[in-house]
Amino acid sequence: MFIPHTDSERREMLKAIGKDSIESLFSDIPEKYRFPKLDLPPALSEMEALQELSDLASANNSCDELICFLGAGAYNHYIPAAVDMLLRRGDFFTAYTPYQPEISQGTLQAVLEFQSLIANLTGMEVSNASHYDGATACAEACLSAYHYFRGKRTKFIISPALHPHYCDTIRTYLGALDGIQIIDRSDSIQQVDPLVLADQIDENTALVIVQYPDFLGRVVDFSSFGKKVHESGALFAVAANPISLGLLKPPSEFDADFVVGEGQPLGIPMSFGGPYLGFFATRNVLIRKISGRIVGETVDGKGNRGYVLTLTAREQHIRREKATSNICTNQGLMALAATVYMSLLGKSGLRKVAELCYQKAHYTANQITAISGFKVRNDWAFFNEFVVECKEEPKKIIDFLLHEGVLGGLDLGDFYPDMKNCLLLAVTEKNTKEEIDILTDLLQEVANG
Amino acid sequence: MAEPTIYELSSPGRIGIRFPDSDVPQQELPKDLIRKDLPLPELSEMDVIRHFTHLSRLNYSIDEGFYPLGSCTMKYNPRINEVTARLPGFLNSHPFQPLETIQGNLAVMFLLQEWLKEITGFHAVSLQPAAGAHGELVGGLIMRAFHKKRGDEKRTKILVPDSAHGTNPATSSMAGFEPINIPSDKRGNIDLEKLIAVCDETTAGLMLTNPNTLGLFEENVLEVIKIVHSAGGLVYGDGANLNALLGITKPGMLGFDILHINLHKTFSTPHGGGGPGSGPVAVAEHLASFLPDPVVGILEEGNDDLPPLYGFIKPKDTIGRVKAFHGHFGVVVRALTYVLMNGAEGLRNIAEYAVLNANYLMEILKKAYTLPYDRPCKHEFVLEGIWDELPDIHALDVAKRLMDYGIHPPTNYFPLIVREALMIEPTETESKQTMDEFVKVMLLIAKEAHENPEFLHDAPHNTPVGRLDEVKAARDLVLCCWRSEND
C-alpha cells in the first residue's frame, strides 16, 4: 500500500547493511519498553476506511442540510469551484515550506501575491505569509508590540468586543511574560462604547487592539481613535473581517499599525473550525519587528525575476531564543486558497459579495424588528452580523429553530453574563430571501407562543 | 520566461465569478463608512486557472519525486485523506453548532485522542495546537503552569540539547523561560556530566528531541529522564521524529511527561507548501489538568443502543486557549483515516521501514561522504557536505546540484553540531529503486565535486531560476507585486 518494499528487497537491504533482521536496528531502545503492543482497531482497506469516515461525517447535521445563520468568527460563504480544484494540485499540497527557492517558485510567487492582496485589501503596506488563525494573529500582534517596546511598556488594552476566543488566546500567550497588565472584558460588554477604551490608554500602553466589525457585528469608525492611541505612543491593532473590507473603509484609514484577522471567509471551508488562516499586515517601518514568514522579490545570476523567503534573521531558526516567535509551519495552503479566491472575485466580485452580505443582513434585521418580542440592537451600524434581544430564552429559540432545520445563531449568554437574552445572527450571500423569510416566520411563531 | 503576477495579468472589467443579484429590498449604504477604492486584480476564471497551474509547475513536490528533507518526514500523502477530509458532513460544519448536530466531528476527535494516547503511552491528549511549534509552546506553558501551581517559582530555565530541533530555543523564550544549551557527547547522546552539572532547583525542564536531529536514539534516555526528574524538572519530548518510534516504543512509558506530535509528518497529512500542520500534545496523568481548553470527552456514556454523547471539556487547571475553536479539524480527519488504514501492525511497519531505508542509505553513502556519528541511525542521518581537499565546495553546492538530477535536497546546515550538514530522511514510502537512484546521484556529485568543482558551484543549471540573490531580497525589499495608486 504505502510501503513499497518486497520481501526480497528487504533481504537485499538488510544484507547491504550487515544486519539479519529489522528488529536488530532497534537494539538502542531500552529492552523493557521495546515493541509494546498497540491496542488499535484492525487495519481497514481504503474502501472500508471511506465507509467508516462517511458514517462519522453523516452523524453530523452540517450546513448542507441546515440553513445557517451562525457566524461569530467562522462564516458560511460561497467558495468558487476553481479554488479547491487548484488546491488539489499535488505540486501545491505535497510540497514543503519553500526553503529551496529554485524549485519552489510556484509557492513563493503565490505567497508574494497573497501578501500583495492582503496589503491592498487592508490598505497596509506589507503583509506576512500567514499565522495559524485570527486568534493567534492577534496574539502575535501583542508579542510584536511587546518586543517593539523591548518589554518596557507592559499594558495591553483589548477591546471587550474582540472575539472571546481571541481574547483568551492573547491571555494565554501574554501569560508567559512577566509583569503584563491586560485590560479586557471586565466590564459589561453591551454598554461599552468601543471608544470609551480611549480613557485607559497611557504612557505604559504597548498596544490597543479592537475588532472591525466587532464580535457583536458593530462597525465603528476608529479614525479619531487611532490618533488618540498614537498620541501616547502606543501601537494600534485592528482585527478585521476581510469580506467586510470589500465594502468598508480599510483600517489603514484609522492609522492602524497592525491589521490582523481571520482569513477563513476568503474561500476556506468552515471545516468545524480549522484549518483556517491568520493574516497579518503592517506598515513598512514595522516589518522587521513582526514574526512569520515573509517572501520577497529578487533576481538570479542571470537577472531573472524570482522570489525567496526573506528577512529570515527575525526567525526562530536563525535568531534562536531571541526570535519574537517560534512560528515555523504556518497556513501555506490556506493562504493559497485565499489568493485564488481574491484573484477570482477581484475588484468587483469582493465588493459584490460584501454588498450582498450587507443587504441581506439588513433585510433580516428589518424583518425581525417587525416581530414583537424581538429587538434588534441598532445603536451602531453593522455589516453582516447583529444582536437580537429576545423575550424567550435564546437556548429554547435555538432548539426550536434547529428542529425546523435552521441554525439560529449564537447564544451570547454563553460568553457574556450580561447578554443572557441575546442572540448573535450572521447573514451571508448564501442566504436567500426564502431562507431569511423561513427564519423570520419561525421567529414569528416563537413570538406567537 | 517568468510567470507574470496576478496584477500584471489583470485587465480592467474582467470577472472570474459572477454572483446572483440581490433578492432583497435594497437599503442605502452608509456613505461615511464605505471605502473609495478596492485595488484588487481583475481576471477571468481561465486566467486564474492557467496562472496558478503555471505556478504549480514551478514547484517540486512529493508527487514529483524523492524528497529526503531531514526532520520533515516527507512521506507519501495518501489521496483517500483528501477525500475523507472533504466529506460534506465534516467540511460544511460550523464550529459553534449545537452539540447534538456535531457528534460525528466530536467522535473523530475523541477517537484520535484515544489512539494517540495508545500510540504514545500518555494519559491525555489535546488536538488544539496548530503545528509543531505551537505544540511546543503549549508544552512550555504546561511546564510553567505546573511549577507555578506547586508554588515553585524559581524554575526559570529550560535545558535544550544542541541536537534538538531548531524551534526549541525560541519556544522556551516564548513560554517565558531561559533556554540553556546542553552539549552532546561523541556518540551523539546528551553529555550526562554536563546535564548533571546544570540540573538544579532552577530547572523547569528539558526539551528532548528523540530520536534527535542526528537521527540517533538517545541511548541513555532512561538515565537522562531520571536526572531531570530528580532535580524536580519535567521532560518534554519533541515528537517531530515520532515516525521512527511508532510501535517501537512509547515515549510515555520511557518517562517523558509531555510530547507533541506532528500529524503533518508522522501521520501523512500533507505539508501544503508550508502548512496547515497540526501539533497535538500528549501528557502524563499529573499534567492532564493543564491541557489547553478544550478537550473532547464523553458527557454521557452510551450503551448497546445509543452511542455516547460527546462534548467539550475545559481541563481544571488549563493553560487557557491557544487558538480559536477546536484545532485543525480537517487535518485531524486525515490523520484518523491514516491510523484506521494502518492498524497496529501497519504503524510498526512504518517505523521499521523508515529506519531500514535510512540505514541502507547511510551505510552506502558513508563511503563517499563523511559520517560524523557512525552508529545505526533511526529515521534519518547526517552527513558532511564538505571534503577537506576541496575548500571551495560546500553542502549548499551538493544540495543545489541534486536539483539538476530531479531530487529535492536534504535539509542543509542543520543540525549546527555537524559542519556543512546534509540531513537525510528517506521515509518508509520510498522504494529500494528510488534510493539506489539517489545513491547513484550522490556518488556522481561527489565525483563531480572533485573533477569539476566550478560546475557544482554554479548549480542548479536545469531549474526554472538559478541561485537567487538573497542579500538583494533583504536589502531592496519588494514584498508586494503591486501597490495601490494612492501611495
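This tour moves through a predicted model of two chains, A and B, one selection at a time.

**The whole complex**

Begin with everything displayed. The predictor assigns the complex an ipTM of 0.97 and a pTM of 0.97. If the viewer can colour by confidence, apply that colouring to chain B: its mean pLDDT is 96, and 99% of its residues reach 70 or more. As general guidance, coordinates should not be read in detail where pLDDT is low.

**Chain A on its own**

Next, select chain A and hide the rest. Its C-alpha atoms occupy a box of roughly 85 × 55 × 50 Å along the principal axes. The chain contains twelve helices and 17 strands. Of its 449 residues, 59% count as buried. Taking the contacts in chain A between residues at least 6 apart in sequence, 73% connect residues at least 24 apart.

**The seven-stranded sheet of chain A**

Stay with chain A and turn to its sheet. Seven strands make up an open sheet here, in the order S2-S9-S8-S7-S5-S3-S4, with mixed pairing. At its edges are strand S2 (126-127) and strand S4 (181-183) of chain A, each of which pairs on one side only.

Now select residues 155-158 and 205-212 of chain A, which are strands S3 and S5. These two strands pair in the parallel sense over four bridges. To locate one of the pairings, pick A:Lys155, whose bridge partner in S5(A) is A:Thr205.

Then add residues 164-174 of chain A, which form helix H7. This helix lies across S3, S4 and strand S7 (235-240) of chain A, and runs at about 170° to S3(A).

**Where the chains meet**

Bring chain B back into view. How many residues does each chain give to the contact? Chain A supplies 165 residues and chain B supplies 173 residues. On the side of chain A that touches chain B, the largest share comes from helix H10 (residues 332-369) of chain A, with 23 residues. By class, that side of chain A has 83 nonpolar, 52 polar and 30 charged residues.

**A parallel region in chain B**

Hide chain A and select residues 203-209 of chain B, strand S4. Is this strand mostly covered or uncovered? Strand S4 of chain B is mostly covered, with seven of its seven residues buried.

Two partners of S4(B) can be added in turn. Strand S2 (residues 157-161) of chain B runs parallel to S4(B) and is joined to it by three bridges; B:Ile158 has B:Gly205 as its bridge partner in S4(B). Strand S5 (residues 234-239) of chain B also runs parallel to S4(B), joined by five bridges, and B:Leu208 stands opposite B:Gly237 in S5(B).

Finally, display residues 221-230 of chain B, helix H9. Together, S4(B), this helix and S5(B) make a right-handed β-α-β unit.

**An antiparallel sheet in chain B**

For the last stop, select strands S10, S12 and S11 of chain B, which form an open sheet in that order with antiparallel pairing. Its edge strands are S10 (381-384) and S11 (411-412) of chain B, each pairing on one side only.

Zoom in on S11(B) and strand S12 (residues 421-424) of chain B, which run antiparallel and are joined by two bridges. There, B:Asn412 stands opposite B:Leu422 in S12(B). Adding residues 395-404 of chain B brings in helix H12, which packs on the sheet and touches S11 and S12 of chain B. The direction of helix H12 of chain B makes about 40° with that of S12(B).

Definitions and conventions: Residues numbered from 1 in each chain as written. Chains lettered and ligands numbered in written order. Predicted model: local features only at pLDDT ≥ 70, side-chain atom pairs only at ≥ 80, totals over all residues. Contact = placed C-beta atoms within 7 Å. Nonpolar A, V, L, I, M, F, W, Y, C, P; charged D, E, K, R; others polar. Buried ≥ 20, exposed ≤ 12 C-beta atoms within 10 Å, placed from the backbone. Pairing = 2+ DSSP bridges. Right-handed = clockwise from strand over helix to strand, strands pointing away. Axes fitted to C-alpha atoms, helices over the stretch in contact; angles between N-to-C directions. pLDDT = per-residue confidence, 0-100.
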